[in-house]
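Work through these exercises with the structure open beside you. Try each task before you read its solution.

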Amino acid sequence: MIKKKTPKERRIILKHADDPSYSNKISCYLKNDGYSMLKKAFKMKPEQIGEEVLKSGVRGRGGAGFPAGMKWKFLDRKSGKPIYLICNADESEPGTFKDRQIIYKDPHQLIEGMMIAAYAIQAKQAFIYIRAEFFEGARILENAIAEAKSKNFCGENILGSKFSCDLIVHRGAGAYICGEETGLIESLEGKRPNPRIKPPYFPAVLGLYQCPTIVNNVETLCNVKHILEIGGEEFSKIGKPNNTGTRIWCVSGHVQKPGYYEFECGALTLGEMIYDVCGGLLPGRTLKAVIPGGSSSKILRADERFTGKLKDGTDFDWGIEDIPLDFDGPASAGSMSGSGGIIVMDNSVDMVEAMANINAFYAHESCGQCTPCREGSLWMRKITKRMCSGDAREEDADLLLSVANQIEGRTICAFGEAAAWPTQSFIAKFRDEFEEKAKGDSNKPTLQLI
Amino acid sequence: MKNGKSSSVVINLDGQDVEVPAGINLVEAASLHGTEVPHYCYHPKLSVAGNCRMCLVEMGTPMRDRATGEAILDEHGKQKIGWIPKPVIGCGTNVSQGMHVKTSSPMVKDSREGIMEFLLVNHPLDCPICDQAGECRLQEFATDYGRGYSRYVERKNVKPKRTRLGPRVTLDDERCILCSRCIRFCQEVVDDDVLGFVDRGSFSTLTCFPGKELSNNYSLNTVDLCPVGALTSTDFRFKMRVWFLKESSSICTESSAGSNITVSSREGVIHRITPRRNDEVNDSWMSDSGRELYKNVTSEDRLMKAKVDQEECTLSHAIETVKDTVDGKKLGIVGSCHSSLEEQFLLNKLAKITKAKKFLRGHFGEDDGILVSSDRTPNLRGSLVSGFSSRYPTDNLESLSKSLDKNELDVLLVIGEDLLASGIDLNQLNGVTLIFAGTHQNETSKLAKILIPTLTSFEKTGCFINRNFRVQSFKQAIPGPAGLLPDLQILSALIKSLEKDGIHRPDLSSIWKEMGKSSGSPLKGISFSDVPEDGLLIDGSKWSHLEFVEKKALNYTPARKAQKSK
Ligand SMILES: Cc1cc2nc3c(=O)[nH]c(=O)nc-3n(C[C@H](O)[C@H](O)[C@H](O)COP(=O)(O)O)c2cc1C
Ligand code: SF4
Ligand code: SF4
Ligand code: SF4
Ligand code: FES
């Protein structure tokens, strides 16, 4: 590896977050030029804001990376039904802890971003759907909304204009699936968060209460404010084409300095993140694998080579350290940047046990609505759990892979893929360890299989 | 669609171009052309949930250039098909012009095998004792589309085996495949939202919401709907293997709704009544109360023996005695809206030749807004069409009461009704000879000089005309009690004995021929065999001046039209 200067963070979203003198009070936010972009927005036409967001190329930070401006364009404005805006603050993807930084430390940034977005899409009612475990976060948001309302940044006739938009914080009840946007909508409607079938229930057409609805991630909505500040054109120059803006990466696992780091998209590689930004691995350990975008993304093996053609036609040949941290880098390497949750694993990790851990999560969180995910996720959990209890069989690796393949692409929502991809990639890349387990210790007592 | 409005489209189904109605889904479209797309959660009368994933098929649409909108052609000049790389659900995918569908490609087969395997991994091996066995979708599709072997060596989930959901429905949660049909039925058809799932993932369990129970009058439809043996009828549970049952088409006699039903019997004993789909009448549903009616067949108060002067006798002797009693007397006939169209016709004929005065009463109740209508008889309209009555009956026998007061009647032939419960006083009957023909005992039958036991609708064949003026036939499901005859034979024997050229053959086709002859009859030109399984709508406009109690509720419409997925 060629030694370079440690890449420097570029904090836009988290600009103030860790400033000890900064607080989540509105007075502090206003002192830092807060809500000036909302004022600017109200001088523009709603469509103009949409245009700026489209031009910015900003992609969703919730996991799928869909361009926000495009999503807003899909909104069915002809139906005459009310339009809703929902901020997805369910942040439950294992390995992800970025949205909470914003919510806890700079809630007004989110509120400002949301009010601009609400104005742009002409939503008169907005919601923040926050995960149950963020009870303090919910309280902070409630306070911040009350402050914003008292200053007329939110609620009736915002800034004396004709535009009104109420903002409500809705707390989840502790289910990962509430992060899936249609599950979220069901939950917000007061029902079980069973994701909806698409078609026909695309949120932009038939969303909350069967009305056109936009669901965006916390970080995505904060970006709206910054897009307005510098203009879509200028924003699109941050990062790389198709990978604009900054991203907050959440690094966890076996590094010296786990944490959240905000960088311009593509400003550094995975290797630089691990070794330079996060201080490298623990003493005496070697890198074994990295999950680059939250537990749902496919795992990357440390000694793999990643080759192929980039979108712009250039060939690439990367080791794991060379993968650029943006949207397209991890995707080119066969995984995804997902929610930005980078989970680093060193040579102390037993891959079957790691797999068992992940499978336990998905089996526990599957909503249970559709057959493949419901039954497949629990089956995979049972297999890996058994394998870790000394009863692995030679055929288990193939069986796991087959079960995962029977889930992928056949479910109502993307949870199916989220549950299948880890297994598929673990088997593809660490099959040896799964097979090793089967050889095991022949003296070990075996469970009675029934 | 060429003009965007055409009512049918051409799709390519497994390589064959076929025409199908626009807007229908792929499960329906394939079935119209004889191809089964296996499905569990989809039900034609409920909203689409798309959760079982059994109906996965491969689908593609003709490709167009994104920018120009022009068709993209292949080397043969045919429009290229953009196949979706993942299978799509047939139940949730609607046909469009030029759509291509594969229902048995390797991808589809693999999907089905996968789904079947998943459905079975935590399914108990209850078939030998399961009520559903023999009519179980899980068994059928496992045989047709499953792999035939198991790769599952883990422990199966354990769930409650006998949960009482309500007075009539018992749930075995282990057998539930979580298709949500029962939940959607309660929400969408009955508007009684009591069922739901608790827990997540594979531990999801169907249950009633706290403090609620599945006790609405349509609860047993969930048992029919359930593709597996999870929801069972507490009444039918463990009583009978379904493959022994003989099925006969019939009509529910509970009200003028005339729900189409299937009567399942074995060796002359009825074991259950289930709804028979008729989209014009009852969709796929019927009331719980209607299902209980078969119990009347063997109830204690059933009339089994003919009697004259309280002495048991043969039926022919009783009929003979009727003739002697009636001849030359002032006769009154109290008909019944429970009688079939044909019976009412013969009764009217009898009235004509005996110059009898005719009386009829109705039985009314609350309309439940679903399939129990205000008119609690199956054939009030039959009394109009048959000519027995031209007026709309009230819920008593006022005019009979007047006639009795004026001593206009010597003999009264009563079909099934209880005079004493119809505004007639015991004193008024002094000096009147009573003849009672009916299936069950009542206060009037006890007073009768001549008692003629008749058959229930399960034991004979005929037609009812429902609230919509739909003629619907019911077929004999079981033989009647030994020694009894169908009402039609009794009536025609009476007619024969009182008039020389009466109908000599009491068979339905002769009766229908004769009915069609009466002037102005909406049955003109129709024969009994013309009445199809799903009934025949006739013109009732002749009676549009009558104040029918059903008012606007002539048709059943589901409580909540399926506008939402869940
Ligand atoms: C199983 C599952 C869980 C998800 N969880 C979250 C989440 O916690 N937070 C989030 O913002 N998006 C989550 N998403 C993505 C959302 O469905 C949705 O795409 C996103 O909120 C859209 O916002 P964005 O376009 O701004 O990224 C999840 C998706 C799936 C399939
Ligand atoms: S894929 Fe899983 S989480 Fe998504 S709807 Fe199906 S069962 Fe629920
Ligand atoms: S539901 Fe079907 S497969 Fe299951 S035990 Fe009953 S008969 Fe067998
Ligand atoms: S009980 Fe039957 S109908 Fe209801 S969800 Fe389960 S399988 Fe479906
Ligand atoms: S029948 Fe289509 S998903 Fe169940």
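**Exercise 1. Two prolines and a glutamine**

Between which helices of chain A does the loop with A:P200 lie? Then describe the backbone there, and at A:Q122.

Solution. Keep in mind that this is a predicted model.
- Step 1: Locate the residue. A:P200 sits in the loop that links α8 and α9 of chain A. A:P199 is placed in the loop between α8 (181–188) and α9 (203–206) of chain A.
- Step 2: Check the peptide bonds. From A:K198 to A:P199 the bond is cis, with omega near 0°. A:P199 and A:P200 are also joined by a cis peptide bond, with omega about 5°.
- Step 3: Move to A:Q122. This residue is in the loop between α6 (107–121) and β2 of chain A. Its phi is positive, about 60°, although A:Q122 is not a glycine.

**Exercise 2. The sheet of chain A**

Give the strand order of the open sheet in chain A, then find its edges and the helices packed on it.

Solution.
- Step 1: Read the order. The sheet has 4 strands, β3-β2-β1-β4 of chain A, with parallel pairing.
- Step 2: Find the edges. β3 (166–171) and β4 (213–217) of chain A each have a single partner strand, so one side of each has no neighbour in the sheet.
- Step 3: Note the twist. On average, neighbouring strands are turned by 20° against each other, direction ignored.
- Step 4: Take one pair. β1 (residues 84–89) of chain A pairs with β4(A) in the parallel sense over 5 bridges. Here A:I86 has A:V215 of β4(A) as its bridge partner.
- Step 5: Add the helices. Helix α7 (residues 135–150) of chain A touches β2 (125–130) and β3 of chain A, and its direction makes about 170° with that of β3(A). Helix α10 (residues 218–230) of chain A lies across β1 and β4 of chain A, at about 95° to β4(A).

**Exercise 3. The domains of chain B**

Into which domains is chain B divided? Describe how domains 2 and 3 meet.

Solution.
- Step 1: List the domains. They are domain 1 (8–116), domain 2 (119–298) and domain 3 (306–560) of chain B.
- Step 2: Take the spacing. The centres of domain 2 and domain 3 of chain B, taken over C-alpha atoms, are 36 Å apart.
- Step 3: Describe the contact. In chain B, 41 residues of domain 2 are in contact with 37 residues of domain 3. About 3000 Å² is buried between these two domains of chain B, 54% of it on carbon and sulfur atoms.

**Exercise 4. The sheet of 7 strands**

Describe the pairing in the open sheet of 7 strands in chain B.

Solution.
- Step 1: Write the order. It is β16-β15-β21-β20-β19-β17-β18 of chain B, and the pairing is mixed.
- Step 2: Mark the edges. β16 (311–313) and β18 (357–359) of chain B each have a single partner strand, so one side of each is left without a neighbour in the sheet.
- Step 3: Inspect one pair. β15 (residues 306–308) and β21 (residues 450–453) of chain B pair in the antiparallel sense over 2 bridges. B:V308 stands opposite B:I450 in β21(B).

**Exercise 5. Two ligand shells**

What kinds of residue surround ligands 2 and 3?

Solution.
- Step 1: Take ligand 2. It is surrounded by 13 residues, and A:I177, A:C367, A:C370, A:C373 and A:C413 are the closest. The shell holds 8 nonpolar, 5 polar and no charged residues.
- Step 2: Take ligand 3. Its surroundings include B:H123, B:D126, B:C127 and B:C130. This shell divides into 6 nonpolar, 3 polar and 1 charged.

Key. Residues are numbered from 1 along each chain as its sequence is written. Chains are lettered from A and ligands numbered from 1 in the order in which they are written. This is a predicted model: local features need pLDDT of at least 70, side-chain atom pairs count only at pLDDT 80 or more; totals for chains, interfaces and linings use all residues. Side-chain values use heavy atoms; hydrogens and water are left out. A residue is near a molecule or strand if one of its heavy atoms lies within 4 Å of it. Ala, Val, Leu, Ile, Met, Phe, Trp, Tyr, Cys and Pro count as nonpolar, Asp, Glu, Lys and Arg as charged, and the others, Gly among them, as polar. Two strands pair if DSSP finds at least two bridges between them. Axes are lines fitted to C-alpha atoms, for helices over the stretch in contact, and angles run from 0 to 180 degrees between N-to-C directions. Contact means heavy atoms within 4.5 Å. Domain bounds come from an automatic or database domain assignment. Buried area is the accessible area (1.4 Å probe) that two parts lose on being put together, summed over both.
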